[in-house]
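Hi,

Here is the structure I promised to pass on to you. Have a look at it first, and then read on for my notes on what turned up.

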Amino acid sequence: MEQKSDKTIITVVGKDTVGIIAKVCTYLSEHNINVLDISQTIVSGYFNMMMIVDMNHAKISFLDCQKELEVLGGQIGVSIKCQKEEIFEKMHRI
Amino acid sequence: MINIFEVNETNNMVEHENLDVRTITIGISLLECIDSDLEKLNEKIYRRITTVAKDLERVAGEIESEYGIPIVNKRIAVTPIALVGGAACQSPEEFATIADTMDRAAEAVGANLIGGYSALVSKGMTRADEMLIRSIPIALCRTKRVCSSVNLASTKTGINMDAVRLMGEILLEVAENSKDRDSVDCMKLVVFCNAPDDNPFMAGAFHGVTEADAVINVGVSGPGVVKTALEKVRGESFEVLCETIKKTAFKVTRVGQLVAQEASRRLGIPFGIIDLSLAPTPAVGDSVADILCEIGLEYAGAPGTTAALALLNDQVKKGGVMASSYVGGLSGAFIPVSEDQGMIDAVQAGAITLEKLEAMTCVCSVGLDMIAIPGDTKASAISGMIADEMALGMVNQKTTAARLIPVIGKGVGDTVEFGGLFGYAPIMPVNPYSCDAFINRKGRIPAPIHSFKN
């Protein structure tokens, strides 16, 4: 069995613009959240990014982080969602 | 590791295809509250419900934000009140005070609905059962969140026709009491054959006597997800069609399983079951009838509807069973009329009749659900429709139910608005011929033979 970790999936969807990744990553590093994986595509002109992050040593609670990222997304003009990894793991892995 | 396409698929289901957890329902046993003093009984019931379910709303909210999955309803189901109140209540009016208590307790903990104002009378009625049934019109009229159900029949015992006759009259009384609001209180009353002990869906949820002190049951939903998946396999063979439904049902159910396990862990209450149901809402794209159309029917109700529904129901179960450690409740596709835009369209187009709906209930979950009928329908005709539905359940060894809404003051051609998730319904015509002499016979229909299956 895989050890239960505190992995979180952050998704960023919106109009492509300069510095989206930089701004999100800066926020994460300020709160001691470690990025494990990043993937990114452009789907019909829309920026689409997914990050897997580890919040084990985060200096902020999950719910606060979720709210702050939403606000940050609002400032950049993209939608940022923050969800526990388990929901994806459960749905797509047996 | 999870990839971006899988993440997008899941999030699309939630954002565009109406995937949600329809309900987290806490089942609470009230057997320990039994007391011969009515005041003490009410006090104990209030304390018991508000203690066990005190964190329900908070925990559901946390799960909702952490996983990004909407949890539409938070509900409570309690032990059938006819059993709990029998020692204390000497009249229907006294029984109704328990409904008041349930209503207050549900409101205090933020539960949308509370079920269990129920009696199990599939073979006979005790004095308490009959008093509870007679109190239903009083109780539903003056409470907001209380739901009532009566189990009238089972495969093992047959059909209690005395209770079926009584329920026809009671339903009309409920309709009459709420006639200024289009008889909406009838939505909170359902009758069953083979009622399950662990159903999380209303109006029929109650906490059966075979259950533990408290239990978490979860109902998932996702007709829109199935419909969207099927759009990609138009024209393909039945094999491909069925595989697609199974895989989709698996994914949807996994979400329910996760939510149920988390809710159980955080509330410290054991996980009971996942109900594998496709439960529609009036929202566009959240319709079971639309799935039937996607399978290949012009409207629900067209020739082939029963076969398509049978296929859908079976594949949903096959996919869902593997996704959950325990499955129970009603588990199957719901076909309520008012709560499903595709069904409403089918009624308005004249594509579907009560008789076709009855046939469809043979192969899917529940039964004649959320069907508005003319307010001048006779009590005996309502009892006759209930008896028909009970017979289907009894002979086919399945759960069936009837939730009919005789709308006082309205007739065929009128439409009735229930509001919100309950939608609206065109009033459907009922066969006008009499069954008085049949319904007026006393006693019960014996249990069916369990051999010679023809």
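To start with one residue: is Thr353(B) buried, partly exposed or exposed? Before the answer, please keep in mind that this is a predicted model. Thr353(B) has 15 other C-beta atoms within 10 Å. A buried residue needs 20 or more, and an exposed one has 12 or fewer, so Thr353(B) counts as partly exposed. You will find Thr353(B) in the loop between α12 and α13 (354-360) of chain B. If you want a sense of distance, compare Thr353(B) with Thr143(B): the two are 210 residues apart in sequence, and their C-alpha atoms are 33 Å apart in space.

The helix before that loop gives another picture. Helix α12 of chain B covers residues 341-348, and six of its eight residues are buried, so this helix is largely enclosed by the rest of the structure. The buried ones are Gln341(B), Gly342(B), Met343(B), Ile344(B), Ala346(B) and Val347(B). They pack against α10 (288-295) and β12 (424-426) of chain B. After α12(B) comes Gly350(B), with a positive phi near 75 degrees.

Now chain B as a whole. Its secondary structure comes to 15 helices and 13 strands. The C-alpha trace spans about 60 × 50 × 50 Å along the principal axes. A compact globule of 454 residues would have a radius of gyration near 22 Å, and the 21 Å of chain B agrees with that. Of those 454 residues, 59% count as buried. Contacts between residues at least 6 apart in sequence are mostly long-range in chain B, with 80% of them joining residues at least 24 apart.

Two strands of chain B caught my eye. Strand β8(B), residues 271-275, is mostly covered, with five of its five residues buried. Its partner here is strand β7(B), residues 214-221, and the two pair in the parallel sense over three bridges. Within that pairing, Val218(B) stands opposite Ile274(B). Strand β9(B), residues 368-374, is also mostly covered, as seven of its seven residues are buried. β9(B) pairs with strand β10(B), residues 400-407, in the parallel sense over six bridges, and Leu368(B) stands opposite Ala402(B) there.

Next, the core. In soluble globular proteins, nonpolar side chains tend to be buried together. The largest nonpolar core in this model has 178 residues, and those with the most contacts inside it are Leu152(B) and Val259(B). Leaving aside residues up to four places away in sequence, Val259(B) touches Val21(B), Ile24(B), Ile63(B), Ile69(B), Ile71(B) and Val218(B). You have already met Val218(B) as the residue opposite Ile274(B).

Chain A has 94 residues, of which 30% are buried. Its elements are three helices and four strands, running β-α-β-β-α-β-α from the N terminus on. The C-alpha trace of chain A spans about 40 × 30 × 20 Å along its principal axes. Its radius of gyration is 13 Å, which agrees with the value near 12 Å for a compact globule of 94 residues. Of the contacts in chain A with a separation of 6 or more, 68% are between residues 24 or more positions apart.

The four strands of chain A form an open sheet in the order β2-β3-β1-β4, with antiparallel pairing. At the edges are β2(A), residues 34-43, and β4(A), residues 78-84, each pairing on one side only. From one strand to the next, the twist averages 15 degrees. Strand β1(A), residues 7-15, is joined to β4(A) by seven bridges, and Thr11(A) stands opposite Lys81(A) of β4(A). Helix α1(A), residues 20-30, lies across β1, β2, β3 (46-54) and β4 of chain A, at about 20 degrees to β3(A).

Lastly, how many residues of chain B are in contact with chain A? There are 18 of them, and they meet 22 residues of chain A. On the chain B side, the elements giving two or more residues are α1 (4-16), α3 (56-67) and α9 (238-267) of chain B. That side divides into eight nonpolar, six polar and four charged residues.

Happy browsing, and best wishes!

How values were computed:
Residues numbered from 1 in each chain as written. Chains lettered and ligands numbered in written order. Predicted model: local features only at pLDDT ≥ 70, side-chain atom pairs only at ≥ 80, totals over all residues. Core = buried A, V, L, I, M, F, W, Y, C linked by C-beta atoms within 7 Å. Contact = placed C-beta atoms within 7 Å. Nonpolar A, V, L, I, M, F, W, Y, C, P; charged D, E, K, R; others polar. Rg over C-alpha atoms; globule rule 2.2 N^0.38 Å. Pairing = 2+ DSSP bridges. Axes fitted to C-alpha atoms, helices over the stretch in contact; angles between N-to-C directions.
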